[in-house]
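Me: I would like to understand the packing in one part of this model. Please take me through it slowly, with the cut-offs spelled out as you go.

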Amino acid sequence: KQRNLYETFLLGARARKGDNYALGRLKRRCVDDSSDFDAIEALAEVFSSFDQFNQATVLLLSHLDTVPTDQRSMLAIRASQEFCRDNKATQAISILLECLQKETDESVHVSLYREIARAAEKANAPDIETAFLEKVLKIVPSDNEARFRLAFVYSNNDLNQLAAHHYELVV
């Protein structure tokens with residue numbers, strides 16, 4: 001497994017530099033083993049490095065049901081990041097909400113909540129952003145990054161008392 005990870009990393013690095021042979025081998029890995037999370041992620045990163053965000057999201061989304069269950073949310077988060085890079089933040093939110101419905105682990109929920117909030121920021125949807133930052137803080141009240149961002153969003157939306165409350169908790 002370790003050797004395979006290292007080789008996948010090298011193939012990805014070479015493909016990002018334009019090595020078509022490495023790109024072909026990486027694509028073959030994804031076809032041969034549709035559950036190979038590392039190869040899928042590496043190939044998506046190659047596509048993204050050439051601003052092929054649509055190809056990256058298609059690849060990531062097409063493998064959501066083939067990767068092991070514990071890696072599904074990471075793939076959805078990765079797809080969300082690609083959607084945001086392609087200025088499709090509302091699609092990112094939809095994918096993450098879909099994934100959220102399938103997950104039961106609370107720590108996975110927190111990761112998805114954070115990513116939904118980030119995508120909502122990109123989509124200029126402060127109501128969604130605040131709702132999911134509040135969900136993060138309900139589970140992880142010590143998350144100062146989420147608390148600070150929540151205070152910032154509140155202050156930008158003239159909810160100054162709420163903003164002051166959260167800023168005070170951070171400091």
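Reply: Happy to! A crossing is left-handed if the near helix is turned anticlockwise from the far one by less than a right angle, and right-handed if clockwise. The model is predicted, so to speak of local features requires pLDDT of at least 70 and side-chain atom pairs count only at pLDDT 80 or more, while totals for chains, interfaces and linings use all residues. Residues are numbered from 1 along each chain as its sequence is written, and side-chain values use heavy atoms, leaving out hydrogens and water.

First, the setting. The protein has 10 helices and 0 strands (DSSP runs of H or I, at least four residues, or of E, at least two, numbered from the N terminus). Its C-alpha trace spans about 60 × 30 × 25 Å along the principal axes.

Let us centre on H7, which covers residues 106-122. Helix H6 (residues 89-102) has an axis that comes within 8 Å of that of H7, and the two cross at roughly 165 degrees (axes are fitted to C-alpha atoms over the stretch in contact, and angles run from 0 to 180 degrees between N-to-C directions). H6 and H7 are therefore roughly antiparallel (over 145 degrees; under 35 is roughly parallel, 65 to 115 roughly perpendicular, the rest oblique). Their crossing is left-handed. From H6, the contact (heavy atoms within 4.5 Å) uses Ala89, Ala92, Ile93, Leu96, Leu97, Cys99 and Leu100, and from H7 it uses His109, Leu112, Tyr113, Glu115, Ile116, Ala119, Ala120 and Lys122. By class, the contact of H6 with H7 holds 12 nonpolar, 1 polar and 2 charged residues (Ala, Val, Leu, Ile, Met, Phe, Trp, Tyr, Cys and Pro are nonpolar; Asp, Glu, Lys and Arg charged; the others, Gly among them, polar).

Now for the next partner of H7. Helix H8 (residues 126-139) packs against H7 at about 155 degrees, with the axes 8 Å apart. That angle makes H7 roughly antiparallel to H8. H7 passes H8 in a left-handed crossing. On the H7 side the contact is made by Glu106, Val110, Tyr113, Arg114, Ile116, Ala117, Ala120 and Glu121, and on the H8 side by Ile128, Glu129, Phe132, Leu133, Lys135, Val136 and Ile139. The contact of H7 with H8 divides into 10 nonpolar, no polar and 5 charged residues. Tyr113, Ile116 and Ala120 of H7 appear in the contact with H6 and also in the contact with H8.

H7 also takes part in the largest pocket, which holds about 160 Å³ of space. (On a 1 Å grid for a 1.4 Å probe, a pocket is an open set of points with protein on both sides within 12 Å along at least five of seven lines; lining residues have an atom within 4 Å of a point.) Its lining consists of Arg114, Ala117, Arg118, Glu121, Glu129, Leu133, Asp143, Glu145, Ala146 and Arg149. H7, H8 and helix H9 (144-156) each supply at least two of these residues, and H7 gives the most, with 4. The lining divides into 3 nonpolar, no polar and 7 charged residues. Arg114, Ala117 and Glu121 line this pocket and are also among the H7 residues in contact with H8.

Definitions and conventions
Points joined across faces, edges and corners; volume = space filled by probe spheres on them.
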